[in-house]
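Let's take a friendly walk through this structure, one element at a time. Have the viewer open and follow along.

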Amino acid sequence: MARRSLPTAAALTVGTALLLTACGGGGDDSSDKIEGAGGGSDKPSASASASADADRPDVSVPKDLDLVFDFSKPSNPKHAAALADAENYIRALDHGIAKQDPDDPAYKFYSGDPQPTQYAKSQIEAWVKDGWTVTGRDRYSRATTKDVGGGKRVLVTFCRNQSEFFSKKVKTGKVNRTEESLNSYQRFNLLMAPSKDSSSVWRAHQIVVKGKVEECKA
């Protein structure tokens, strides 16, 4: 195994239909219907926000893994926060693989529902079971953000280029490499919502990954 690709959309059945429905419609159109999009309207206190920020987990990755997020920061503060924590969800996943810990707290912090929690856990478990960790360069680009669910949530979409992202044997350090192909390119959709504890912390509530995306080739 040279590079373990994340599952494609076909393998992600939980919540997929709802998330893809959210991709349809216009920017702030309140007609978008997403289960659970209503949420609570109460704003968190300043102390709760500060506490949540202070408690953010470590999402660092090894020096031989270069996570590249080639994104422009949205002018909308809400969208910028959602995009930043969508990045942190991805970082947390790789952090868990590097730590070889399927129960790593980082991805749980950035997951707001069972589906993205289970997605990250299953990914980490698969790497750990086979004795692999991550290395190389994992590049994400072409990010877009969009209000859904009446503006209470943000749909974050971006491309992934994993042509230089490889697996490495934990015990021997041997890196397995593969050639670039259409399998190297994926599209991610993450449905993000603010935490109940802090509006500055956003969590993934649904994730859909589509493989072999021609449009995501550089």
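To judge whether a helix is as long as it should be, take its expected span as 1.5 Å times one less than its number of residues. Keep in mind that the model here is a predicted one. Helix α3 covers residues 77-99, and its 23 residues should therefore span 33 Å; the C-alpha atoms at its ends lie 32 Å apart, in agreement with that expectation.

Now look at what sits on either side of this helix. At the N-terminal end, Asn76 acts as a cap for α3, with a side-chain oxygen 2.9 Å from the backbone nitrogen of Lys78. After α3 comes Gln100, which has a positive phi, near 55 degrees.

From here, move on to the strands. Strand β5 (residues 185-194) runs antiparallel to β6, and nine bridges join the two. You can find one place in this pairing by locating Ala193, which stands opposite Arg203 in β6. Nine of the 10 residues of β6 are buried, so the rest of the structure largely encloses this strand.

The last stop is a covalent link. The model has one disulfide, formed by Cys159 and Cys216, with 2.0 Å between their sulfur atoms. What does this link tie together? Cys159 belongs to strand β3 (residues 153-169), while Cys216 lies in the segment after β6 (202-211), so the disulfide connects parts that are 57 residues apart in sequence. The angle about the S-S bond is -70 degrees, which makes the link of Cys159 and Cys216 left-handed. Both Cys159 and Cys216 are buried.

Notes:
Residues are numbered from 1 along each chain as its sequence is written. This is a predicted model: local features need pLDDT of at least 70, side-chain atom pairs count only at pLDDT 80 or more; totals for chains, interfaces and linings use all residues. Side-chain values use heavy atoms; hydrogens and water are left out. A disulfide is a pair of cysteine sulfur atoms within 2.5 Å. Helices (H or I, at least four residues) and strands (E, at least two) are DSSP runs, numbered from the N terminus. Buried means under 20% relative accessible area, exposed over 50%, partly exposed in between (1.4 Å probe, protein chains only). A polar contact is a pair of N or O atoms within 3.5 Å; within protein, one must be able to donate a hydrogen and the other to accept it, and residues adjacent in sequence count only if both atoms are side-chain atoms. Two strands pair if DSSP finds at least two bridges between them.
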